Amino acid sequence: MLEGKKILLGVTGSIAAYKTPFLVRRLIQSGAEVKVLMTPAATDFVSPLTLSTLSRSPVLSNLFDEATWANHVMLGRWADLMLVAPLSCNTLGKMAAGLCDNLLLATYLSATCPVMVAPAMDEDMWDHPATKNNLEIIREQGCAVLPVGFGELASGLTGEGRMLEPEEMIGALELYFEKKSSLNGKKVLITAGPTYEAIDPVRFIGNHSSGKMGYALADVFRERGADVTLVSGPVSINGFHPGIKIKKVITAAEMYNACMEAAANYDIAVMAAAVADFSPSVVAEQKIKKEEGLLSINLEKTKDILAQLGNVKKPGQLLVGFALETNNEKANALKKLEEKNADLVVMNSLGDAGAGFGVDTNKVTLYYKGGKEKAFELKSKSLVAKDIVDSITELLK
Ligand code: CTP
């Protein structure tokens with residue numbers, strides 16, 4: 001699993017750094033390529049000479065040596081994964097704050113590769129609210145945080161805070177790379193955002209959907225190796241990954257057509273868009289003037305994309321819907337699951353603070369065909385997206 005993987009190991013100033021020569025040795029034995037970065041404090045705990053010998057590559061520690069500048073940007077591009085092990089409290093705080101006073105931090109801040117950390121500290125530091133808070137911040141920044149072990153600590157006390165053993169870290173890396181390729185080659189269709197239904201050239205019927213949930217899902221599916229097509233209504237999200245095929249649409253009818261084009265070819269479809277249920281039956285060609293006295297707008301039902309995908313679903317295709325509810329959440333979600341022939345419905349309720357439109361967090365419950373259900377805590381939409389993709393991946397097995 002680690003054969004040919006490029007691992008950038010960042011070592012920080014913690015007594016647990018004594019384990020890193022064993023870790024580097026195991027990585028090299030597993031066929032990985034390793035480059036080591038050290039903070040200045042780390043060199044007090046383990047010798048750069050040991051790590052450069054074992055990694056078969058010079059250890060980098062300074063942003064510049066006399067006349068040479070270390071290219072931290074290219075280091076992050078070179079790596080398949082940056083692993084910071086051990087992660088000291090000090091470096092954790094600096095990562096969370098975006099500080100950049102050494103090569104390891106500069107590399108972290110410019111890393112385009114995924115980052116994993118293995119914390120190591122005494123139990124009282126591990127339990128401190130500042131540490132918990134900083135870990136939460138770097139998780140939000142996208143870092144995978146490995147657990148700590150329980151046992152004898154440098155202080156002589158026994159408790160939580162030990163860095164994982166090299167063998168456990170190798171196991172975690174193997175699992176990580178396995179997960180990363182778990183959806184290789186799977187075709188995923190996602191809808192996101194609102195739709196706008198024109199009343200006249202100026203006005204439309206829309207809703208508050210920001211598209212953040214659907215975009216977060218697209219990102220996670222792509223990270224796991226899937227071939228992602230995102231059909232997006234009008235949103236103000238710009239920075240999507242170039243690996244995601246994006247089809248921009250405005251209306252429910254356009255979204256329907258784009259999805260139907262992909263209906264025969266997807267493996268997984270996730271309908272996260274807040275599609276308008278009604279559209280004006282006539283769109284005025286000119287701006288409607290108030291003197292004309294508009295009394296009512298005639299609406300007609302839009303086509304239900306999820307329901308139609310459910311109608312034409314082929315064996316092996318997995319169809320996931322969303323249900324945004326305000327009341328009778330479970331009953332409404334189960335009704336949608338059944339009526340639209342979905343395999344899974346992700347329910348979020350506007351009754352839950354922090355869930356739904358316009359916010360960066362969400363709280364979801366999954367309802368499966370067959371009666372199973374799974375509830376999650378309030379989390380950022382990117383972490384919710386990971387939970388949803390993990391659950392879908394389990395279903396595929
Ligand atoms: N959906 C869809 N096409 C529509 C309407 C909804 O694909 N024209 C999808 C949504 O993307 C979502 C699911 O159906 O995955 C449920 O959407 P929701 O708005 O919660 O429910 P509706 O079916 O529209 O029913 P209601 O508005 O009455 O709750």
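**Close-up 1. Strand S18 and the shell around the ligand.** In this predicted model, strand S18 gives the largest share of the shell around the ligand, with four residues. S18 covers residues 318-325, and helix H11, residues 305-311, joins it among the elements that each supply at least two residues of that shell. If you are following along in the structure, these two elements are good places to begin.

**Close-up 2. The residues that surround the ligand.** Here the view takes in the 15 residues around the ligand, the closest being Met271, Ala273, Asp277, Phe322 and Lys340. Sorted by character, the shell holds eight nonpolar residues, two polar ones and five charged ones. Where does the ligand sit? Its place is the second largest pocket.

**Close-up 3. Polar atoms facing the ligand.** Two lysines and one backbone atom are the ones to look for in this view. From Lys340, a polar side-chain atom comes to 2.5 Å from an oxygen atom of the ligand. Lys336 also places a polar side-chain atom by a ligand oxygen, at a distance of 2.9 Å. With Ile305, the backbone takes part instead: one of its polar backbone atoms is 3.0 Å from a nitrogen atom of the ligand. On its own the ligand has 570 Å² of accessible area, and the protein covers 77% of that.

**Close-up 4. The two domains of the chain.** Stepping back from the ligand, you can divide the chain into domain 1, residues 6-180, and domain 2, residues 187-396. How many ångströms lie between the C-alpha centres of domain 1 and domain 2? The two centres are 39 Å apart.

**Close-up 5. A cis peptide bond at Pro86.** Take a look at the backbone between Ala85 and Pro86, where the peptide bond is cis. The omega angle of this bond is near -5°. Pro86 itself belongs to strand S5, which runs over residues 81-87.

**Close-up 6. Arg56 and its positive phi.** The last view shows Arg56, a residue that is not a glycine yet has a positive phi, of about 60°. Which elements lie on either side of the loop that holds Arg56? The loop lies between helix H2, residues 48-55, and strand S3, residues 64-65.

Methods. Residues are numbered from 1 along each chain as its sequence is written. This is a predicted model: local features need pLDDT of at least 70, side-chain atom pairs count only at pLDDT 80 or more; totals for chains, interfaces and linings use all residues. Side-chain values use heavy atoms; hydrogens and water are left out. A residue is near a molecule or strand if one of its heavy atoms lies within 4 Å of it. A polar contact is a pair of N or O atoms within 3.5 Å; within protein, one must be able to donate a hydrogen and the other to accept it, and residues adjacent in sequence count only if both atoms are side-chain atoms. Accessible areas come from the Shrake-Rupley method with a 1.4 Å probe; for residues, only the protein chains shown count as cover. On a 1 Å grid over the protein atoms alone, a cavity is a set of points where a 1.4 Å probe fits but cannot get out, and a pocket is an open set with protein on both sides within 12 Å along at least five of seven lines; lining residues have an atom within 4 Å of a point. A molecule sits in a cavity or pocket if more than half of its atoms lie within 2 Å of its grid points. Ala, Val, Leu, Ile, Met, Phe, Trp, Tyr, Cys and Pro count as nonpolar, Asp, Glu, Lys and Arg as charged, and the others, Gly among them, as polar. Domain bounds come from an automatic or database domain assignment.
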